[in-house]
Amino acid sequence: MTAIVWQRRRAAARATWREFAARRGGLAGLIGLAVITLLALLAPLVTDVSGLDVTRATARPWQPPSAEYWLGTDHNGRSVLLLTWWGTRVSLVVGLAATVLSVLIGTVVGIAAAHFGGWASAVLMRFTDFFLVLPSMVLAIALSTVLPRGLGTIVLAIGVTAWPATARLVRAQTLAVEARPFIERAQALGGGHGHVIGRHVLPAVLPLVFVNTTLTVASAIVLESTLSFLGLGDPTRVSWGSLLHAANVHGAVSQRAWWFLVPPGLGVVCVVLAFTLCGRALETVLNPRLKGER
Amino acid sequence: MNLLELRDLSVHYRGARGEVTAVRSVSLGLEAGETLGLAGESGCGKSTVAMSVLRLLPRDARVEGQVLLDGEDVRGMSWGRLRAVRWAAASVVFQGAMHALNPVHRVGEQIAEPMRLHGVTGSASSSSVSSSVSALLDQVELPARTARAYPHELSGGQKQRVMIAMALACEPRLVIADEPTTALDVVVQAQVLDLLKRLVSERDIGLVMISHDLSVLASTCDRLAVMQHGQIVEEGPARQVIAAPTHPHTQTLAAAFPTVGDPASRHVTASDTSTGPVLLRAEGVRVDYGTTTAVAGVDLEVRAGEIVALVGQSGSGKTTLARTLLGLQRPTAGRVLFEGAELPRSASGLRAYRRQVQLVLQDPTSALNPRHSVYEAVAEGLRIHRIAGDEPTQVAEALSHAELRPPERFFPSLPHELSGGQRQRVVIAGALALGPRLLIADEPVASLDASVRGEILALLLRLRRELDLAALVITHDLGLAWTIADRVAVMYQGELVEQGTVEQVLLAPRHDYTRTLLAAVPQHQGSTRPDQLSVELRLPPHRLLG
Amino acid sequence: MIRHLAGKLGGALVSLLFVVALGFVLFRVIPGDPVVAMTRGRPVTGDQLAELRVRLGVDKPLPEQFVDYLTAVLRGDLGTSHVYNRPVAELIGERLWPTVLLVGTSTVLAVALGLWLGIRGAWRRGSRSDRISTGLALAQWAMPTFWLGMLLSLATGNLFPSGGMRYPDTPPDFLSQALDVAHHMVLPCLTLIAVVYAQYLLVMRSSLLEEMHADYLTTARAKGLRDDLVRRRHAVPNALLPTVTLVFLHLGLVVSGAITVETVFSWPGLGLLTYEALTGPDLPLLQGTFVLLSGAVISMNVFADLLYRVLDPRVRAS
């Protein structure tokens, strides 16, 4: 019997993929992501980490792009190309880790708040609403200021500020699914909480969570770059945000050092745009209500 | 000259898989003062015909043939001319007044809007507009203050009246009513139909009535056209088409709306009637939601192998009662007994109870998880209860009991690949897989097309005969009760006002409310129907119309 | 209605108290010893630490600290900044108006621009102009605010002042002062608009698209209304309603934008104050801006909720 189920799922996955691939924006985003991920993975293999070390930088600082340094050098004489390349890794890792954290919290809270009802769910929802309106950046700044600097802090700060949107979405979807008569049928057949959540709610909510994840990664990466720009990032690692922080602190604007400013920012834009495009295309494919509208 | 004439009208939709023809060479004519009924099941193209009259079809529709409004072809009109004709020459009462009214505008403004737009006489001053709106509301028997209300503040029947008033705003000569009474209760439906009839005769307008319900059309229309697959299969005087249908499709449609009291449509014989032991008994069951009482002390019995119909309007508490009997809702007072033992309260006890009593829901489309295949849907109960035995065999057996044969062919199908009737059979099979003694069916055929209703009802009767399966059928439709039930219980405002055998209750009703319900059923044979609703209803309007 | 109002205001009050409490947890409980956190990386003697502890009141047990803190906040006393050595409330008061001016101006402009483009895009969805405006919005949404600000500043060269709010040598008359502030505000304002309007555009567009299939629009067309009347009278008012809430819900985003924009352009508002506080780190000051900014966003959301009730008859009744 399971053979039929798997056959169905494969067919459904193929159909979803075909529809997704038919959307140029989404496909472009996916290709962009693949390229960026590949570059991030290749960095230690094709480049030399020691180029990031300030003490070993030999080149003249603030050099404009040249044949030797394609994207010029920074205030310490390090290659901007190398810095940006390595920055990809931290930005991606932080963005993904923070997203996993926030989506996990959001999904659990959202389903719990919708499924169980009663005062516990009311409290949970009030709690979510409170965090939803709280400006997430202000909270993230506060958290990363009082906690010791490091990647973990940044991930935590983003993770615990970004979940309420997911929770609300999941809650709304869970409520919508649970209002459908097939839930009542499952209960009438004798199914308990575990059965209803596992067999009916989760499969219906997960596609939405997946879409939400790709969109959350986008905002998590922006948030990471912002926090690092404000100097709250891990001082021992190079990320796009920390590069821009250095650029701002050392006066790249007044030096007209556009080559130090443009690449890291463009990195953020590309990754965020790629995730957003993927997410929007997925949303249209997986959310039948939106089909043919966007 | 005819008011409206369709000549060889065809409509095609361009879809993802090429063109789909929704309407095929339809020719119809309508004169002033005449009412034409257009009958057919969902998807037969009747609404497309209606929308093509004012060129309201979506952009991907391609229209062929002629649509003559007072002799002028709508298809050839310029945009300006078309806008001038819309609503002024012909207006529409849309299906589902709930959504057809703008939720954020007062209904008075919405009625007045076309008057101002088309410069109806006297619409220049706002005071005369508001007096015309009051006059229109008066025509549809609504108080003038309704104009200040927003749509959500009105009941379904009131909204439908507002739609009708709006349709009359520019005094058009043609009104097209698309399912004007669907989603309304029988009593309200009767009132709205009476209103439409009166307006047609008073104002000498032409009315096109579209409905899936032959009995509705029979009671209002002079002529009737029956559509199937985009074509007109039968046309003629209404009385004749219904009394002596010639086309098989018309015959099926007519049979789906049985006449109470007609022995030909009663499918239960005295020998079927069971005198088995009492299976399920409700004693003084009462359910309160906060301060409102949904079920106000109900005593009800279902015997083994018996079919009981629980009849009532929406809001009468019948669905709440069903949920309580299933143990999905805990009663505020009273108790439910199954085979003499009170319903268990523990989760495991309730689970065991569910093997005895199963539920069939109204709309099979939403009662099945769209992601689960037929096999998974039917096996769901088996898995929950961890029933021993070979699962595929059990599933196949349940499907064959529900007349889905050969069962293996249906295993991998998803609900959307099945027809409405097949889906309902899957729901029934899912219930049968647990081997229950009693089915509680909440409006089991209300959302199905007329032609499959009979099949599902026949299935319930056959299951009773073969498996000795008792059923409590909840319905608003007295005809359905007449067709299959042994006993009838009539529910009104949370109470059972009358119960007894079908013949007792439906042929010799003792309670006023039962008589009102019977009077409101559109009748089409002879003039057995009383002219007016003889009973003064003591219902608060929101209850009645909700 | 009055019961609802009372309920909403009560809920808002609880939220504000929650923010105040969160401020305590964040800045007094989590850091362990806030004094150590504040003096990190600087040479201090044990005596200095002890003195600072007494001054901040962190030598007492936590519950007592919390009560002290709460009563102080309720009196309007947000503590003393140890970098500026001045009351936090006073500093915030000075910096409030530049932020209100900047955020207010750019929000109004961004909302107007976003809604207009969103309506246009939805009505002609799939058209060239829709694709361009949506694509542009997405690209701008993907940009970190501060980066865009730095690029703008780099690109415009000396056309606009690179920072601050006014030149010290501007004549004191109102017109010259106003012009000078406006001149300084161009770049920060543009940056904030560019990043924020995209949200409004996307929300308005999808909200209107959702209304496009509504049956009452068919009714309106059947009545003989011109296409633009159908849109103006029926579709847009309905689509605008959910957008109102979202506009306010996204105010938090504007606030985060303001923090970085003010940092980039040294605009002397609350954002720059926050930045100064976090570089210290000046925990009392950061706590003050945290409580104020969060409280402001929460209050605006309550306001949005009430406004929505006034605007939407469906909600008004229930």
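This report describes chain C of a predicted model, its two domains, its contact with chain A and the surroundings of one serine.

## Overall form of chain C

Chain C contains 14 helices and two strands. Its C-alpha trace extends over about 85 × 55 × 40 Å along the principal axes.

Of the 318 residues in chain C, 53% count as buried. When contacts in chain C are restricted to residues at least 6 apart in sequence, 73% of them link residues at least 24 apart.

## Two domains and the interface between them

The domain assignment divides chain C into domain 1, covering 2–74, and domain 2, covering 88–317. A distance of 31 Å separates the C-alpha centres of domain 1 of chain C and domain 2 of chain C. The two domains meet through 20 residues of domain 1 of chain C and 16 residues of domain 2 of chain C. Together they bury about 1,500 Å², and carbon and sulfur atoms account for 79% of that area.

One salt bridge is counted between domain 1 of chain C and domain 2 of chain C. C:Lys8 and C:Asp305 form a salt bridge in which the closest N and O atoms are 3.8 Å apart. One residue pair in polar contact is also found across this domain interface, with both residues at pLDDT 80 or more. On the domain 1 side, α1 (2–29) and α2 (34–38) of chain C each contribute at least two residues to the surface touching domain 2 of chain C. The greatest contribution to that side comes from α1(C), with 13 residues. By class, the residues on the domain 1 side comprise 15 nonpolar, three polar and two charged.

## Contact between chain A and chain C

The contact between the chains involves 47 residues from chain A and 50 residues from chain C. The area buried between chain A and chain C is about 4,300 Å², with 76% of it given by carbon and sulfur atoms. The count of salt bridges between chain A and chain C is zero. Three residue pairs are in polar contact between chain A and chain C, both members being at pLDDT 80 or more.

On the chain A side, the elements supplying two or more residues to the surface that touches chain C are α4 (118–133), α5 (136–146), α8 (193–229), α9 (240–249) and α10 (258–286) of chain A. Of these, α10(A) gives the most, with twelve residues. The side of chain A that touches chain C has 32 nonpolar, eight polar and seven charged residues.

## Surroundings of C:Ser81

C:Ser81 belongs to strand β1 of chain C, which comprises residues 80–81. C:Ser81 is classed as buried because its relative accessible area is 0%, and the cut-off for that class is under 20%.

Two polar atom pairs involve the side chain of C:Ser81. A polar atom of this side chain lies 3.0 Å from the backbone nitrogen of C:Tyr84. The side chains of C:Ser81 and C:Asp282 are joined by a polar contact of 2.6 Å. With neighbours within four places in sequence set aside, C:Ser81 is in contact with C:Arg86, C:Val88, C:Leu91, C:Asp282 and C:Leu285.

Conventions: Residues are numbered from 1 along each chain as its sequence is written. Chains are lettered from A and ligands numbered from 1 in the order in which they are written. This is a predicted model: local features need pLDDT of at least 70, side-chain atom pairs count only at pLDDT 80 or more; totals for chains, interfaces and linings use all residues. Side-chain values use heavy atoms; hydrogens and water are left out. Domain bounds come from an automatic or database domain assignment. Contact means heavy atoms within 4.5 Å. Buried area is the accessible area (1.4 Å probe) that two parts lose on being put together, summed over both. A salt bridge is a side-chain nitrogen of Lys or Arg within 4 Å of a carboxyl oxygen of Asp or Glu. A polar contact is a pair of N or O atoms within 3.5 Å; within protein, one must be able to donate a hydrogen and the other to accept it, and residues adjacent in sequence count only if both atoms are side-chain atoms. Helices (H or I, at least four residues) and strands (E, at least two) are DSSP runs, numbered from the N terminus. Ala, Val, Leu, Ile, Met, Phe, Trp, Tyr, Cys and Pro count as nonpolar, Asp, Glu, Lys and Arg as charged, and the others, Gly among them, as polar. Buried means under 20% relative accessible area, exposed over 50%, partly exposed in between (1.4 Å probe, protein chains only).
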